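Q: I have a structure here that I would like to go through with you. Could we begin with the sheets and then turn to the chain contact?

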Amino acid sequence: MSDNHQSTHTNCLLIHEADASQSDSLVQLLQAYGYDCVAVDSIGQVQRYPFDDRVAYCLLADVGTSRHGNSKLDDYIQNNPQLPVIAMSCSSNVNMAVMYTRMGTVGFLSKPLQIDSLLKAVEDGLKLARQIMDYRQQRIEYKNRLERLSQREREVLDLVIDGMSSSQIARHLNLSVKTVSLHRTNLMNKLEADGVVHLVRMITPGPIPKLISPWQRHL
Amino acid sequence: MSHPEKPTNNASQSPTSGHGQVPGHTAEPSDVFRCVAEDAAELTTPQMMQMLSHLQRLNLSSHLGIGLAHQLNHPMSASVNYTQCCVKKLQDENFDRHELLGLMQLANQEAFRAAELITRLRRFVSQAVPRISTLNFNHKILEVVALLTPLCKEHDIELKLELHDDLPAFMGDRIQIEQIIFNLGLNAIQSLIDSQMSDPCVIIKSDLVDDKKQLVCHVMDNGPGLDVQIAPHLFKPFQTTRTHCLGLGLAMSKALCELHHGQLTVETQRTGGCIATLFLPVTRTAENVKNVS
């Protein structure tokens with residue numbers, strides 16, 4: 001459905017580690033596996049980061065060891081569902097793992113990092129990032145298309161989505177059925193829509209993609 | 001040193017005493033406690049002092065527990081990342097010899113960083129016979145700070161250092177001096193943990209006063225200050241407001257301090273919080289430090 005879909009995605013991992021040597025070692029490790037990495041010192045730096053719309057980002061963050069969590073980071077994770085986060089901690093505390101998983105992180109890794117689980121989490125994170133990227137690009141594309149409509153066409157569109165037939169719309173807007181049909185044809189063309197269901201999809205955004213656990217796929 | 005009041009009555013005796021005693025159970029618990037308390041008060045015998053100070057160090061190290069384990073995990077974790085990075089590069093047969101060498105050295109360095117922490121702790125809890133040597137006061141403070149840092153990090157306590165950069169060397173027992181500073185530092189940290197103050201901070205400061213004759217170490221915190229009830233009995237053994245502590249910290253520190261002809265004071269600061277100050281004379285030679293070895 002996305003028209004500007006790029007076949008080759010670039011990706012970037014943001015690394016927020018507890019100290020300099022861990023940060024350096026993790027950057028080198030992930031670079032050896034072919035990932036682009038950027039080390040960040042603070043959540044503030046993540047907030048100010050110049051995100052590029054064409055790049056899939058995933059944040060790997062050390063969440064510390066405190067049972068009470070890391071408030072700044074926690075706030076960031078909860079308020080920015082568009083950036084997949086992998087939480088890492090040198091405490092393999094069950095409560096923390098549950099807390100961060102519920103917050104929507106794509107993984108909770110205990111340190112020292114096991115390479116297999118690290119790579120799996122990174123792949124999950126980037127896959128999700130790409131889904132979110134596609135989702136966002138599609139939203140932008142739909143928004144652009146909607147801007148092509150005239151005011152009348154937009155009115156007709158809203159009534160179509162409300163479930164009205166052309167004759168109902170004609171009565172409602174005091175137009176002839178023929179004129180309404182013409183508006184409908186035009187707006188369908190301008191929006192490049194396949195049908196009414198597609199129109200609804202353009203107007204009402206679906207939820208931001210989330211990581212689907214293997215067990216959820218069978219639901 | 002002064003004797004604290006000896007327990008005079010049997011109020012602390014178990015209520016079951018006199019009847020229903022377990023066969024073979026000869027000493028009442030209260031007797032045992034009283035005996036230990038008296039011994040702790042009589043820290044003047046060198047052997048006893050040595051034993052008790054060792055026990056107290058062991059007890060101190062138990063407070064470091066989890067924070068220390070986490071702190072060990074950091075260099076380990078970095079080391080594992082570096083070696084895994086080498087493994088990958090070797091597997092891909094896509095490597096530069098120098099690059100690989102650099103990674104191995106980094107892995108090595110991180111592993112040593114972990115080992116250093118373990119060595120430091122082991123030295124601190126070792127049952128070494130006290131030995132007088134020439135010491136650098138700031139180095140001793142830094143040793144202690146290295147041990148206390150994990151605990152501070154775990155509880156988000158800021159640990160600030162203000163070290164005088166031109167201190168003369170002095171004579172003393174390395175471990176005992178560290179133990180005194182450690183006790184003061186741990187007291188400050190624990191009062192901050194217990195009181196849940198905002199922006200907790202400990203400042204450790206070294207200085208030279210009294211016409212360059214005395215070394216000083218201040219340990220300041222921004223906690224609630226001294227408990228009014230405990231203040232008069234501050235240096236008595238087994239006096240504590242905390243449930244998990246022996247209450248030996250300050251008593252032991254004072255005794256060790258006196259062995260080094262030093263002084264120890266603990267006060268509430270005007271601005272709130274506690275300030276513990278250790279004074280140590282500079283011009284001491286090995287013979288002047290009595291009873292230590």
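Q: How are the five strands of the open sheet in chain B ordered, and what is the pairing?
A: The order is E2-E4-E5-E7-E6 in chain B, and the pairing is mixed. Strands pair here if DSSP finds at least two bridges between them; strands (E, at least two residues) and helices (H or I, at least four) are DSSP runs numbered from the N terminus.

Q: Why is one side of strand E2 and of strand E6 of chain B left without a neighbour in the sheet?
A: Strand E2 (158-162) and strand E6 (263-268) of chain B stand at the edges with a single partner strand each, so each has one side without a neighbour in the sheet. From one strand to the next, the twist averages 15 degrees.

Q: Before we go on, where does the model come from?
A: It is a predicted model, in which local features need pLDDT of at least 70 and side-chain atom pairs count only at pLDDT 80 or more, while totals for chains, interfaces and linings use all residues. Residues are numbered from 1 along each chain as its sequence is written, chains are lettered from A and ligands numbered from 1 in the order in which they are written, and side-chain values use heavy atoms, with hydrogens and water left out.

Q: Back to chain B: how many bridges join E6(B) to strand E7?
A: Six bridges join E6(B) to strand E7 (residues 274-281) of chain B, and the two run antiparallel. In this pair of strands, B:Val266 is opposite B:Ala276 of E7(B).

Q: Which strands does helix H4 of chain B touch?
A: Helix H4 (residues 137-154) of chain B packs on the sheet and touches E2, strand E4 (201-209), strand E5 (214-221) and E7 of chain B. Its direction makes about 170 degrees with that of E2(B). Contact means heavy atoms within 4.5 Å; axes are lines fitted to C-alpha atoms, for helices over the stretch in contact, with angles from 0 to 180 degrees between N-to-C directions.

Q: And helix H5 of chain B, which strands does that touch?
A: Helix H5 (residues 174-195) of chain B also packs on the sheet, touching E4, E5, E6 and E7 of chain B, and its direction makes about 20 degrees with that of E5(B).

Q: What is the strand order of the open sheet in chain A?
A: Five strands run in the order E2-E1-E3-E4-E5 in chain A, with parallel pairing. Strand E2 (37-39) and strand E5 (107-110) of chain A are the edge strands, each pairing on one side only.

Q: How many bridges join strand E1 to strand E3 of chain A?
A: Seven bridges join strand E1 (residues 10-16) to strand E3 (residues 55-62) of chain A, and these run parallel. A:Asn11 stands opposite A:Ala56 in E3(A).

Q: Changing topic: how many residues does each chain give to the contact?
A: Chain A gives 18 residues and chain B gives 18 residues.

Q: Which side chains meet in a salt bridge there?
A: B:Arg113 and A:Asp19 do, at 3.7 Å from N to O. The rule finds one salt bridge across this interface, defined as a side-chain nitrogen of Lys or Arg within 4 Å of a carboxyl oxygen of Asp or Glu. Helix H1 (residues 20-32) of chain A supplies eight residues, the largest share of the side of chain A that touches chain B.

Q: Finally, where is the cis peptide bond?
A: The bond joins A:Lys111 and A:Pro112, with omega about -5 degrees. A:Pro112 is in the loop between E5 and H5 of chain A.
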